[in-house]
Amino acid sequence: MTGNGLFQILIYLVMIVALAKPMGVFMGRVFAGERTFLHPLLRPLERLCYALAGVREEAEQRWTQYAGSVLSFSFFSFLFVYALQRLQGMLPLNPAAFSTHRAPANATAMTPDLAFNTAVSFVTNTNWQSYVGETTLSYLVQMAALTVQNFASAAAGVAIAIALIRGFARQQASSIGNFWVDLTRAVVYIFLPLSLAGALFLCSQGVIQNLAPYTQATTLEGKTQVIAQGPVASQEAIKMIGTNGGGFFNANSAHPFENPTPLTNFVQMLMIFLIPAGLTYTFGRMVGDTRQGWALLAAMSVLFLCGVLIVYAAEQSGNPNLSKIGVLSAASDTQPGGNMEGKEVRFGIAATALFATITTAASCGAVIGMHDSFTPIGGMVPLFNMQSGEVIFGGTGAGLYGMLLFAILAVFIAGLMVGRTPEYLGKKIEAKEVKMAMLALIATSSVILLFTGASSVISFAKDSHWNGSYGAATGNLNNGGPHGFAEILYAYSSGAGNNGSAFAGISANTPWYNLTIGLSMLVGRFLIIIPMLAAAGSLAAKKKLAVTTGTLPTHGPLFVTLLIGTVIIVGALTFFPALSLSPIVEHFLMLEGRLF
Amino acid sequence: MHTQTAPVRAASDPTDLLPKKLAHSRPLWDREILQRAIRESFVKLNPVQLLKNPVIFVVEVGAVITTLLLIQDFSRGSADAGFNVQISLWLWFTVLFANFAEAMAEARGKAQADTLRKTKTDSMAKRVISGGRTEKVSASQLRAGDFVICEAGDIIPGDGEVVEGIATVDESVITGESAPVIRESGGDRSAVTGGTRVLSDEIKIKITSNPGETFLDRMIALVEGAERQKTPNEIALNILIAGLTLIFLLAVVTLQPFSQYAAASAGSGAVPSVAVLVSLLVCLIPTTIGGLLSAIGIAGMDRVMQHNVLAMSGKAVEASGDVNTLLLDKTGTITIGNRQAVELLPIGGVTEQELAEAAQLSSLADETPEGRSVVVLAKQKYGLRGRELSHHEAHFIPFSAYTRMSGVDINSDHLRKGAADSIAQFVKENGGTVPPELREITERISRQGGTPLAVANGRRALGVIHLKDVVKGGMKERLAQLRRMGIQTVMITGDNPLTAAAIAAEAGVDNFLAQASPADKLNYIKKEQAEGRLVAMTGDGTNDAPALAQADVGLAMNTGTMAAKEAGNMVDLDSNPTKLIEVVAIGKQLLITRGALTTFSIANDVAKYFAIIPAMFMATYPALGALNIMGLHNPKSAVLAAVIFNALIIIALVPLALRGVKYRPEGAGTLLRRNLLIYGLGGLIAPFPGIWVIDRVVHVLGLA
């Protein structure tokens with residue numbers, strides 16, 4: 001590890017922690033309906049939304065109504081995205097003529113299963129991409145379907161987190177807010193202004209924004225190269241800010257049109273953690289004790305820092321088998337050393353390790369390098385980040401409510417050890433909350449484990465409908481042995497964690513993978529949201545207990561340690577067998593000189 | 001002769017809220033209980049019964065599967081048969097050990113119930129029929145509303161209220177206390193309990209409960225655990241461990257396809273056998289806490305019982321751990337109940353010695369506790385020995401409500417003590433003058449919450465005796481402990497605010513409620529609850545009943561009225577209000593024990609993974625041997641060691657589950673830190689050496 005690399009990581013973490021409070025205060029004011037500096041400009045827009053949708057701003061919803069609104073909003077969003085993809089051939093803004101008879105030879109067909117997978121993916125804030133953007137989707141679909149969902153799904157996540165916070169903050173209340181109001185405020189005051197500013201900045205640095213047809217260029221060798229174009233900047237900003245991660249191009253943020261310079265790269269990384277970090281402060285502010293928010297931020301930061309240092313160390317030390325045959329693996333002024341396979345030269349090892357950890361910790365899923373090409377241990381960290389529930393900052397809103405799920409569990413298990421019925425923020429944690437937390441935990445881990453299990457053994461007839469020419473589900477893998485297994489495990493972990501990043505190395509655009517990963521995404525999104533909203537409803541109805549010296553303190557280093565321990569132990573106990581058959585054994589085999 | 005004035009109750013070790021010696025305690029390993037528990041462990045193998053405990057049920061299903069597979073092993077003559085037999089056996093032991101833990105806890109209650117039941121003989125009762133005559137009927141024929149007459153030697157036939165007369169009653173059946181108690185009509189000492197015996201006099205009782213519903217019946221049912229329902233926290237914990245069991249079931253079941261892929265791609269090894277997969281599952285699911293959970297709950301109830309407190313439900317015991325506010329009656333709880341002389345303040349040119357002598361002489365015939373305390377003070381502080389004064393030299397003047405003084409006339413001395421204004425009057429009548437000092441001193445004492453008693457000899461005012469409420473020995477320390485535990489104490493007293501404030505400050509209570517009427521108590525409880533606090537209180541009178549019912553924990557005194565006992569959710573058979581503090585400690589201990597064993601159970605899993613995972617995949621991926629950090633001999637001994645450790649740890653922790661983990665009155669942060677270190681970190685580390693040792697033993701014995 002180089003001093004420069006460590007400095008990049010450190011400065012990043014410091015900036016995120018510094019941004020948490022201003023962001024958190026601003027979001028807290030927005031959701032409390034207080035005036036902010038943006039109100040003179042945007043309040044009319046907000047009111048217009050309510051007027052158009054017939055929403056009564058002051059109407060409150062019970063948790064069941066709130067959950068019903070989330071589900072219906074997501075369902076209609078899904079239908080819209082699905083329809084737009086399937087009909088893109090008949091619709092405008094399709095210069096490459098996808099889904100028509102004039103489509104280029106390398107275009108991917110928009111099959112029902114691909115449209116399903118993509119629609120689910122963007123509605124659930126996952127942004128798993130079974131498609132290649134520049135050879136599959138029209139500009140209209142990219143903008144009206146995907147970019148819109150980047151806003152909507154991110155805002156929905158934030159709304160749900162706010163609803164859960166209200167569960168802790170309110171007492172003896174029957175309602176937890178109004179989904180439509182929370183959604184509107186999140187979009188109007190938070191995501192729109194930030195994305196606009198972000199997009200303008202990215203444009204200024206060279207990210208493209210046009211509706212032009214693809215450029216035909218002649219290379220120095222005299223060959224023709226098609227250079228894809230499109231409205232990239234407008235999608236790029238929200239892709240990061242909304243922790244969506246679905247790239248306009250297949251190469252995602254490794255593509256120079258999406259992420260041209262180290263500066264844009266750094267800003268993009270800041271954009272990912274900006275809202276998740278800020279929400280921890282909003283949480284503390286709303287429950288009336290900012291220390292509670294800092295405690296969550298501390299737990300997230302420690303877990304994140306451990307992850308990034310492990311990835312960086314693993315990637316910088318590279319593959320010992322290459323060193324053995326005389327490849328220089330030490331960093332020097334003229335070469336980066338370590339494992340540069342699958343990494344952009346302009347970003348290097350430290351930034352790629354940092355980006356990979358951020359994107360998987362935050363359920364973003366944008367990538368600037370091939371995680372498949374990481375060393376086994378370097379690849380295990382992103383995998384574990386997703387499997388531990390995407391709570392290390394996590395998705396916008398989703399990270400916070402996921403972390404609160406773990407806080408509930410930590411308080412319940414260890415809280416008993418202070419000799420009182422466990423309580424968190426003055427709310428007793430009882431059967432209902434534990435049931436909901438366990439339900440969420442079981443749902444996500446079960447889809448990861450069961451679908452990975454199924455895909456590692458299921459076999460289809462060659463050229464069958466389900467898996468096409470690949471035959472067995474393992475036929476889609478680029479690698480064998482434990483690494484191939486990791487590719488399957490990663491795909492379902494990414495889906496269920498609503499991350500969307502790809503380990504890659506697996507050709508997932510077949511009905512089998514599109515359907516099962518699609519289901520993983522649905523379970524990973526809604527079977528956490530519904531239990532968490534149910535918990536919010538139950539918590540809101542409870543009395544707030546007085547805090548005494550007999551109350552378990554949930555703001556100090558002890559609780560932070562406990563929370564970190566719970567996240568790691570629950571994740572590790574669930575996935576240790578699976579991980580030991582993938583990156584762990586691969587690591588030991590690598591040390592023995594066997595590669596996959 | 002030396003008389004001890006103050007502490008009635010010697011201060012126990014202030015760091016330990018729970019005294020070691022208890023009236024109803026019994027040894028942990030009682031032979032009879034042990035036999036009963038072992039018998040019950042097998043009865044509990046009934047899967048229908050085990051279904052209540054999902055974790056152990058899963059173990060039993062695993063045991064059945066591996067046992068059935070043995071038939072296959074033997075018919076094929078499998079090389080693994082020996083190993084599989086051992087795994088099956090240990091799985092059955094795991095179930096039995098868990099059953100044993102629960103049976104042990106239950107058997108202790110049942111033994112106690114048996115003792116109680118023996119005392120429940122069907123006595124004959126004298127029922128009052130019209131015209132004041134009585135008829136002899138069996139106690140079981142009595143109904144609520146009947147009147148019966150009991151005289152010396154009679155067993156009281158049912159629960160009731162004394163409506164006429166006064167009697168001494170032996171209640172040792174219920175309380176274990178052999179000293180008789182007085183029961184009389186009217187007031188707060190009118191309740192009598194069926195099964196107790198009248199020792200003297202005759203009383204008329206109105207029966208208040210039907211046969212089978214008496215206090216004794218309920219007590220038997222409670223200690224036996226017949227009506228035991230899972231408490232809210234137990235239900236929540238059950239959900240957690242059932243959920244974890246499901247997650248581990250998924251993790252183990254999916255290992256089958258995972259290993260199929262691994263074996264196929266590595267070209268060596270095979271899918272782990274069912275016995276090994278079941279072993280891994282049983283090791284991972286929280287069997288420790290699953291096996292001990294109900295035992296912890298029952299033992300908690302039992303521990304309350306050993307303190308001679310009858311909790312009407314496990315929920316009440318749990319709630320007592322959550323209490324934030326304790327309402328304590330001043331008299332009898334915080335103070336020893338009687339005012340005591342603590343200081344002699346002479347006035348004018350009188351010496352202390354002279355005042356002491358006068359005070360002592362004037363109190364010699366005073367048999368009230370206050371009077372005796374004056375004699376004792378004089379003796380202890382001024383070395384005056386009690387003198388025998390015969391009636392011919394001294395003429396004692398008893399206290400009368402009219403004069404409001406008492407005293408003695410010896411020779412020419414006319415010694416009087418009493419209320420300041422009465423004494424002033426007395427002095428003036430004898431032609432003396434009262435120095436203004438007297439008023440100043442009496443006022444000062446009043447302000448401090450004490451009671452002044454003036455002393456005079458004829459026309460001379462001598463000084464003032466300072467009487468005050470004496471805080472029970474050790475009380476201050478106990479209240480300080482409660483504060484450390486985050487519990488605030490509120491003193492309830494009928495005294496005026498001035499007096500109350502002084503006692504409150506001396507005892508170190510956080511707050512007080514002066515001139516408190518029962519309605520004030522009720523309102524105070526409601527106010528505390530509205531602010532999110534849980535309140536515990538004690539009470540004995542009928543007018544305490546609403547507050548007892550409102551409080552989250554209401555500890556009624558056994559000497560109290562039936563209404564009070566019905567309203568509370570616990571009854572203290574010793575009628576010692578200070579017991580509330582112990583009950584709170586037991587409630588906390590119960591919850592801590594649950595949390596500690598849950599944490600321990602989950603933390604244990606890490607080591608088991610390191611034992612079993614490398615063993616499972618030794619043939620497929622020998623490289624995973626790097627995870628065998630314990631250096632276990634071979635895959636079979638590793639799996640066996642983990643399973644044996646998992647079973648033995650249940651038995652090893654039975655005493656802890658029954659006794660409860662050590663509880664120290666400390667703040668939540670300190671408690672959590674210590675318990676996390678012991679049970680969290682300890683749980684993480686302990687299995688490593690444990691499994692390592694068992695693996696050696698298994699290897700040496702040639703078992704695998």
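Here is a short chat about a helix crossing and a cavity in this predicted model.

Trainee: Why are H10(A) and H18(A) called oblique?

Mentor: Look at the angle: the axes of H10(A), residues 290-317, and H18(A), residues 557-591, cross at roughly 50 degrees. Under 35 degrees would count as roughly parallel, and 65 to 115 as roughly perpendicular. The crossing fits neither class, so H10(A) is oblique to H18(A). The two axes come within 9 Å, and the crossing is right-handed.

Trainee: What makes the contact between these helices, and which residues does H18(A) give?

Mentor: H18(A) gives Val560(A), Leu563(A), Ile564(A), Val567(A) and Ile568(A). From H10(A) come Ala295(A), Leu296(A), Ala298(A), Ala299(A), Val302(A) and Leu303(A).

Trainee: How do you know which class of residue makes up the contact of H10(A) with H18(A)?

Mentor: Ala, Val, Leu and Ile count as nonpolar, so the tally comes out at eleven nonpolar residues, with no polar and no charged ones.

Trainee: On to the cavities. How many turn up in the whole structure?

Mentor: Five, counting those of 30 Å³ or more. The largest holds about 350 Å³ of space.

Trainee: What lines the largest cavity?

Mentor: There are 32 lining residues, and Gly389(A), Glu390(A), Thr444(A), Gly524(A) and Ile528(A) lie nearest the centre. H14(A) gives the largest share, six residues. H18(A) is also among the elements giving two or more.

Trainee: Which classes do the lining residues fall into?

Mentor: The lining has 17 polar, 13 nonpolar and two charged residues. Gly counts as polar, so Gly389(A) and Gly524(A) belong to the polar class.

Technical notes. Residues are numbered from 1 along each chain as its sequence is written. Chains are lettered from A and ligands numbered from 1 in the order in which they are written. This is a predicted model: local features need pLDDT of at least 70, side-chain atom pairs count only at pLDDT 80 or more; totals for chains, interfaces and linings use all residues. Side-chain values use heavy atoms; hydrogens and water are left out. Axes are lines fitted to C-alpha atoms, for helices over the stretch in contact, and angles run from 0 to 180 degrees between N-to-C directions. Helices (H or I, at least four residues) and strands (E, at least two) are DSSP runs, numbered from the N terminus. Angles under 35 degrees count as roughly parallel, over 145 as roughly antiparallel, 65 to 115 as roughly perpendicular and the rest as oblique. A crossing is left-handed if the near helix is turned anticlockwise from the far one by less than a right angle, and right-handed if clockwise. Contact means heavy atoms within 4.5 Å. On a 1 Å grid over the protein atoms alone, a cavity is a set of points where a 1.4 Å probe fits but cannot get out, and a pocket is an open set with protein on both sides within 12 Å along at least five of seven lines; lining residues have an atom within 4 Å of a point. Grid points are joined across faces, edges and corners, and a volume is the space filled by probe spheres set on the points.
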